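Notebook open, coffee poured. I wanted to look up a few strands and one loop residue and write down what I found.

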Amino acid sequence: MTENVVHLHKTPEPVDPDAQVTTLTVVPDEPPARPVPLWVRSGRAVKTAATHERTRSAGRAVARHGLYTFNGGRIVARRTWDGRTGARYERMIRAAEAAGNNELAEEWEERLQRFRDARHRRRMDLLHSPVEVAKGAAVGTGMGIGALVALGVVMAISNGDVKDVITPLAATIEFIATLIRIVQIVWGPALILAPLFALLALWAVGSKQQAAPQWALPANARSSEGEPITPSIVVKALRDLGIPALRKAIQEMGDAGASMLGPITIAGCGVEVDVTLPSGVATNEVQSKRRKLAENLTRHEHEVFIVIPEAARTVRLWVADSGALDEPIGPSPLVTDETMTANYKTGRAPWGQDLRGDAAALSLYQRHLLITGLSNQGKTASLRALALWAALDRTVEFRLADLKGGDWIMFNGIATVLIQGPTDDHVIQATEMVEGVVEEMNRRIAARQDNPDMVFDPLLCIVDEAQVAFMCPVKDEEGRYYGGSKATSRYFMAVRKIHNQGRVVNVLMWQGTQDPTNENLPKLVREGAHTRASLALGTEAQAVMALGEKAVNGGAAPHLLRPGLDQGTLVVASSGIDIPKGQSSITVRTHFIGDDDAKAIANRAKALRNGVTTLHAIDKGEKRDPLADIAAVLGSDKRVRTQEVITRLAALNSAAYSKWSFNDLKRVLDDARDDAGEDIAYKSDGVMVVSRDRLTRALANRDTDGSASASE
């Protein structure tokens, strides 16, 4: 019978101040939890024990020491084989031939021949040695016995005892018998211990060479750095790519594939080697297996680059030292050399370093420019670095639209036009700016027709975040779109005109854009750029849009760069940069120039110029009445300092007054002076102030004049 168990709880509930009533509450027990089956608990225990760190460490130790012994035996066997045969010399000959060093191959062949001659002489000597050894042993034994007998005769004569004649011989025989007994005693344990000592010796050889895989080594001996690149490692990596034709061809080669490789040369922070593929293997088959090839070389994918040189059936591998590409490349010469100047026509902008560690400099002369990539990869910084260098040439004029806003503020005082902001109004103003550049281009072309020898200063029209302009849906009064990619698009057509005719009169178009597609970067625009550069992209199709099909087919792979990790790394296709022979592009790690350094460089550029007045975007939003706004911010104060007035105006309407200076305020107040009858802003105790009473009188007179004019 099952018993019901109840718990009794005393719950005080006050009835009156002097008494309490105790009630009993019955709370049934919850049903007991269902027991876990034994096999489940056993499985969990086994899994915990098998995956415990101590178990894994013990397993690694067992595997490590076992592999030390096994691989130590292989090492000893190979050393023995190399010592007894000419295998080592033959390997050296094949390596020299693969490297194209015929002189070294002939030297090793001579050494091999000398080794074989010496080995032949030793073997011939062994054929005659047994007879000679037997004769020598017989003679030695006879002489030894004769000496012992002679010694016994001497002892017998000396002692007068004839028995002493055999005493030395008997002692020698007893000594030999003792040695035999010792050997008999030791022989049994020696047969047991000898294999153990042999295994210990093999283990010592394997341990010294760390002849075990990385996962089996102890934590303090594991290394995350890749192995040095050698011919055998490259051939093995190619063999294991999973390309049947390549694997079969390597196995059938008499030199185990060494003839496929050109010389392995040091190239910057890595090495470079050309691989001539066997018949039946296409270069794109190797390109498509970049990750597997990198891992076979004990590298990360981004540390191996595959390009296609001019030679047929050849791929060029550049393999970085492990971790080298994650190290910074150092500051830009624009930052470190404060005396640097620029020459737009003959100079080259210091942009960064190529993968070999050599300086990468770009010529800007008469080249339209396009830089693209995913967001937050360093596109603006890369584009701005070129513009900062060009700014150090005082003849270069800038007209600039930053359709994000804030990244190009240091060009205030350098650019003749500076538009900053992402709105449709800013796109309209940027379009009008580009159209103004087209008008200037046409004026120069007309002047060139009258005077063919006329030379014009360079004019750079820069639009950063150009995808905002192409995607703008706004129409003008005539129904034409500002954005888009058709003949009715004002921005598109203006850019196309500059691409078509601008170079001849030194009018150039630079654009930076994100995440290229046919919608936000039309084909005709991107193909009009002479210098095309791309940061990390998402797909190969985008890489083709950014750099062109020829560059991508030649090995350019911005879509294989790591977003967020390879910031500032560009793949560049341009005639303005030194590209290795046979390649269609080059990878450049650009110098990063921060905002503070960019302002310092811009100040140096301003010092070279004669005070450039920068026109900014005009606010086309709500129409403001500056005089009324000034009166509003004065409030009940009789006098307010002019700087305080400017601060209050910016707080009232940032879009309209955030960029106001004292001159802007003075201009408005001077225009209202006649209505006030005297200066509205004047000095009080040596400080410029604005008078509320005079401003109120100016507003009243202005309104009265306006009403009178209206009534008339």
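My entries below go through two groups of strands and then a loop residue.

**Entry 1: strand 6**

First reminder to myself: this is a predicted model. I began with strand 6, residues 314-320, and asked how many of its residues are buried. I got seven of seven, so I put the strand down as mostly covered, with under 20% relative accessible area as the cut-off for each residue. Next I checked which way the residues point from strand 6. T314, R316, W318 and A320 go one way, while V315, L317 and V319 go the other. Both sets are buried.

**Entry 2: partners of strand 6**

Which strands pair with strand 6, and over how many bridges? I found strand 4 (residues 270-276), antiparallel to strand 6 over seven bridges. In that pairing I noted V273, which sits opposite L317 of strand 6. Strand 5 (residues 304-307) also runs antiparallel to strand 6, and four bridges join the two. There, V304 faces V319 of strand 6. Strands 5 and 6 form a hairpin with six residues between them. I looked at the backbone angles too and jotted down R313, which takes a positive phi near 55° in this hairpin.

**Entry 3: a three-stranded sheet**

I moved on to an open sheet of three strands, in the order 18-20-19 with antiparallel pairing. Why do strands 18 and 19 each have a side without a neighbour in the sheet? Strand 18 (639-641) and strand 19 (681-684) are at the edges and have a single partner strand each, so one side of each is left free of a sheet neighbour. Ignoring direction, I get an average turn of 45° between neighbouring strands of this sheet. Strand 18 is joined to strand 20 (residues 687-691) by three bridges, and the two run antiparallel. One pair I picked out is R639, whose bridge partner in strand 20 is S691.

**Entry 4: N520**

Last stop was N520, in the loop between strand 13 (507-514) and helix 15 (523-526). Is N520 buried or exposed? Its relative accessibility comes out at 11%, so N520 counts as buried, given the limit of under 20%. I then went through what its side chain reaches. A polar atom of the N520 side chain lies 3.2 Å from the backbone oxygen of D515, and the side chain also reaches the backbone nitrogen of T517 at 2.8 Å. Leaving out residues up to four places away in sequence, I have N520 touching Q467, F470, M471, T513, Q514 and D515.

Definitions and conventions: Residues numbered from 1 in each chain as written. Predicted model: local features only at pLDDT ≥ 70, side-chain atom pairs only at ≥ 80, totals over all residues. Heavy atoms only, no water. Pairing = 2+ DSSP bridges. Axes fitted to C-alpha atoms, helices over the stretch in contact; angles between N-to-C directions. Buried < 20%, exposed > 50% of the residue type's maximum accessible area, 1.4 Å probe, protein only. Polar contact = N/O pair within 3.5 Å; in protein donor to acceptor, adjacent residues only side chain to side chain. Contact = heavy atoms within 4.5 Å.
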